[in-house]
Amino acid sequence: MLNLLICSLTGHAQQEQMEALEASYKKRYGLEKLEALNTLTQYYRKVNPRKSIKYGKLAVQLGEDIFSESDQLVPAEHEHPLAVAYLHLGKVMLDKERYYDAQLGFARSLELGKVLESDTTMTKAMVMLDSLYAVVDSTEIKQGLFSKTFGNLKIGKVFNTTVNDLGVQKEMKLAVSNENRGNLIKAIGHYEKAKSLLLNFPY
């Protein structure tokens, strides 16, 4: 697997290997290309986070295309490359304090692990979710998650207009309840549903 390159190479040789992979990944296809993008995402996480995010987004997009359009199989002894892609992207998002995006990546990786019954994938995703929850366990950051979800809306005006909308009220109560219990994945899901209702509300 290409990810093993990072463990076996050091210093200048590693840099040269990654530069060569950067120059050639576009010529690869399918799983081979996805593994190359995962390797680049992991390598550039500390070296160049902007590049890491770029390659991480390309990896999850390619992976979703591959596994939604075919019954592509992955050898049982290997981790699912799409789950790996979401995990790597989540890590760099966490480094950049983009907590909402980090949680989405870890949650998707965990979801894939459950579907595939992969203990390794589920364990890695849960470890990262625990790390994320430890970081966001503060009022300021939790408010940031809320702001991220509703960032493009004028909340005061919208809530004044929709105060009697039972659908919005229900989703908001469920979101707050889950957030207070520390279940941020479910909380964000309900916030997103409320956001969708608000965006489509005729005001």
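**View 1. Helices H9 and H5 mark the extremes of mean pLDDT among the elements of this predicted chain.** Helix H9 (residues 155-161) has the lowest mean pLDDT, 43, and helix H5 (residues 81-95) has the highest, 95. Over residues 152-163 the pLDDT is below 50, and this stretch has 14 contacts in the model beyond near neighbours in sequence. Where pLDDT is low, the predicted coordinates should not be read in detail. The protein chain averages a pLDDT of 77, with 69% of the residues scoring at least 70. pLDDT is the predictor's confidence in each residue, from 0 to 100; a contact means heavy atoms within 4.5 Å.

**View 2. Tyrosine 25 and tyrosine 55 form an edge-to-face pair.** A search of the whole structure finds three aromatic pairs (ring centres within 6.5 Å; planes under 30 degrees apart are stacked, over 60 edge-to-face, the rest tilted). The ring centres of tyrosine 25 and tyrosine 55 are 5.6 Å apart, with planes at 85°. Tyrosine 25 lies in the loop between helix H2 (11-24) and helix H3 (30-47) and tyrosine 55 in helix H4 (residues 49-69), so the pair ties together parts that are 30 residues apart in sequence. Tyrosine 25 and tyrosine 55 are both buried (under 20% relative accessible area, 1.4 Å probe, protein chains only).

**View 3. Tyrosine 43 and tyrosine 44 pair edge-to-face.** Their ring centres are 4.9 Å apart and their planes at 75°. Tyrosine 43 is buried, with a relative accessible area of 12%, and tyrosine 44 is buried at 7%. Tyr25, Tyr43, Tyr44 and Tyr55 form one aromatic cluster.

**Notes.** Residues are numbered from 1 along each chain as its sequence is written. In this predicted model local features need pLDDT of at least 70 and side-chain atom pairs count only at pLDDT 80 or more, while totals for chains, interfaces and linings use all residues, and side-chain values use heavy atoms, leaving out hydrogens and water.

Notes
Helix = DSSP H or I, 4+ residues; strand = E, 2+ residues; numbered from the N terminus. Phe/Tyr/Trp six-rings, centres within 6.5 Å; stacked < 30°, edge-to-face > 60°. Buried < 20%, exposed > 50% of the residue type's maximum accessible area, 1.4 Å probe, protein only.
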